[in-house]
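Here are a few short exercises on one helix and its surroundings. Keep the model open while you work through them.

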Amino acid sequence: MALHKPLPLPLHHRRPNLSPSLQWRTTSRTTRPSRLRIRAAATDDGDRWVAPRADLAEKVLRTIAGATSSPVGQFVASPLTFLHSVDPRIKLVWLLSLVLLPARSHIIMRFGLVMFLALLSIWILPTHVWKDQLGRASLLSGVLFLMLSLGSDGVPPVVQLRTPPPAVVGLPNVPSSLGGYSYLVMKLGPLQFTRKGLSVASTSACLSFIIFQSASLCLTTTTPEQIASALRWFMFPLTLIRVPVAEITLTLLLSLRFISLVFDEVRNVALGIVTRRIHWNQLSIMETVDIFFMYIRRIFKNIFNHAEQISQAMIVRGFPGDSNRHKIYIFLDSSFGIADIISLFCLFGLIGAAVLSEVYIP
């Protein structure tokens with residue numbers, strides 16, 4: 001069987017004999033548009049192509065959705081801990097004491113209260129809850145500490161002494177302190193960290209952390225009904241001077257119930273915008289701002305709708321809006337247990353330690 005020699009290709013089908021460098025350049029140039037076409041096709045089909053620069057607007061929305069996913073100011077029923085069984089009236093007394101003590105106690109006592117609340121939160125709350133709460137409170141307190149420590153007395157004043165130096169008058173120089181006292185703690189370039197700045201910053205930062213974290217602990221381990229009943233118990237003597245205690249208690253109860261609705265709406269609307277996969281790179285600045293204004297407007301609209309539904313439900317159930325014509329009954333179990341007695345002893349010990357630290361620690 002004879003072998004036939006293949007016919008030569010036409011001139012327009014022949015590949016020119018190029019050098020290796022020219023062949024590599026030609027190949028790279030011819031394959032680059034195909035890669036661009038593949039990326040464009042993947043984007044058109046719905047597969048997300050990760051751009052080298054992340055979209056700031058989508059990051060902000062995802063951060064808002066993630067920040068509101070954890071319970072903030074909401075009751076966590078499980079796991080049932082020691083703090084859940086404490087009487088709500090004792091918890092309110094603890095809150096008042098934790099607000100008043102840091103302002104008048106020693107700096108060691110302030111940081112001790114911060115460590116106490118941090119350890120109590122880690123012991124009482126679930127892992128995902130205390131990590132989120134402690135992270136936010138610590139970030140806020142840390143920023144406040146840095147700003148006040150370097151801003152309250154950080155810039156040294158430019159002054160000139162009115163009296164001449166002692167050497168000019170013929171007086172001996174004032175001897176330096178033998179105890180090692182120094183008003184200046186640290187110097188950072190043009191700024192200085194003084195004892196006054198340390199006192200102001202530690203008081204403000206510790207007080208902010210204690211207020212936020214103690215309120216979060218109380219709201220996480222106490223139902224809104226228990227908090228409202230405890231507040232009504234303390235405000236009951238004000239009924240003698242015709243203070244509407246029942247209406248104040250009902251307003252507080254509705255406000256505590258409304259916190260979870262607000263966080264749910266903020267998270268749901270943010271997730272709704274993220275799931276629509278908006279191409280933020282193709283929008284102008286005004287269009288991006290307009291979307292955020294629509295986001296805020298939608299949140300307020302949903303919140304007002306929830307408030308109207310709650311008011312209609314109360315009217316349907318026979319609430320006329322006048323506390324004199326409608327009695328509000330909130331029952332409170334006033335039985336004291338071992339947890340309440342231990343909490344009172346710890347409170348008295350804390351107050352005594354704060355007083356002794358102010359007297360004996362210089």
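Helices here are DSSP runs of H or I with at least four residues, numbered from the N terminus. Bear in mind that this is a predicted model.

**Exercise 1.** Work out whether the length of H11 agrees with its residue count.

*Solution.* Start with the count: H11 has 23 residues. The expected span is 1.5 Å times one less than that number, so H11 should cover 33 Å. Now check the ends: the end C-alpha atoms sit 33 Å apart, which agrees.

**Exercise 2.** Decide whether Leu-350 is buried or exposed, then find what it touches.

*Solution.* First, place the residue: Leu-350 is part of helix H11. Next, apply the cut-off: buried means under 20% relative accessible area. Leu-350 has 13%, so it counts as buried. Leaving out residues up to four places away in sequence, Leu-350 touches Trp-94, Leu-98, Leu-101, Met-109 and Leu-113. Zooming out, the cover over the buried residues of H11 includes helix H3 (88-104) and helix H4 (107-124). One long-range pair to look at is Leu-350 and Ser-97: they are 253 residues apart along the chain, yet their C-alpha atoms are separated by 9.2 Å.

**Exercise 3.** Now do the same for Tyr-360: is it buried or exposed? And which helix gives the largest share of the nonpolar patch?

*Solution.* Tyr-360 also belongs to H11. Exposed means over 50%, and Tyr-360 reaches 66%, so it is exposed. Tyr-360 is one of the residues making a nonpolar surface patch of about 830 Å², with Phe-348 and Ile-351 also among them. The largest share of that patch, six residues, comes from H11.

Conventions
Residues numbered from 1 in each chain as written. Predicted model: local features only at pLDDT ≥ 70, side-chain atom pairs only at ≥ 80, totals over all residues. Heavy atoms only, no water. Patch = residues over 30% accessible without salt bridge, like charges linked within 9 Å, V, L, I, M, F, W, Y side chains within 5 Å. Areas by Shrake-Rupley, 256 points an atom, 1.4 Å probe, with all protein chains shown as cover. Salt bridge = Lys/Arg side-chain N within 4 Å of Asp/Glu carboxyl O. Helix = DSSP H or I, 4+ residues; strand = E, 2+ residues; numbered from the N terminus. Buried < 20%, exposed > 50% of the residue type's maximum accessible area, 1.4 Å probe, protein only. Contact = heavy atoms within 4.5 Å.
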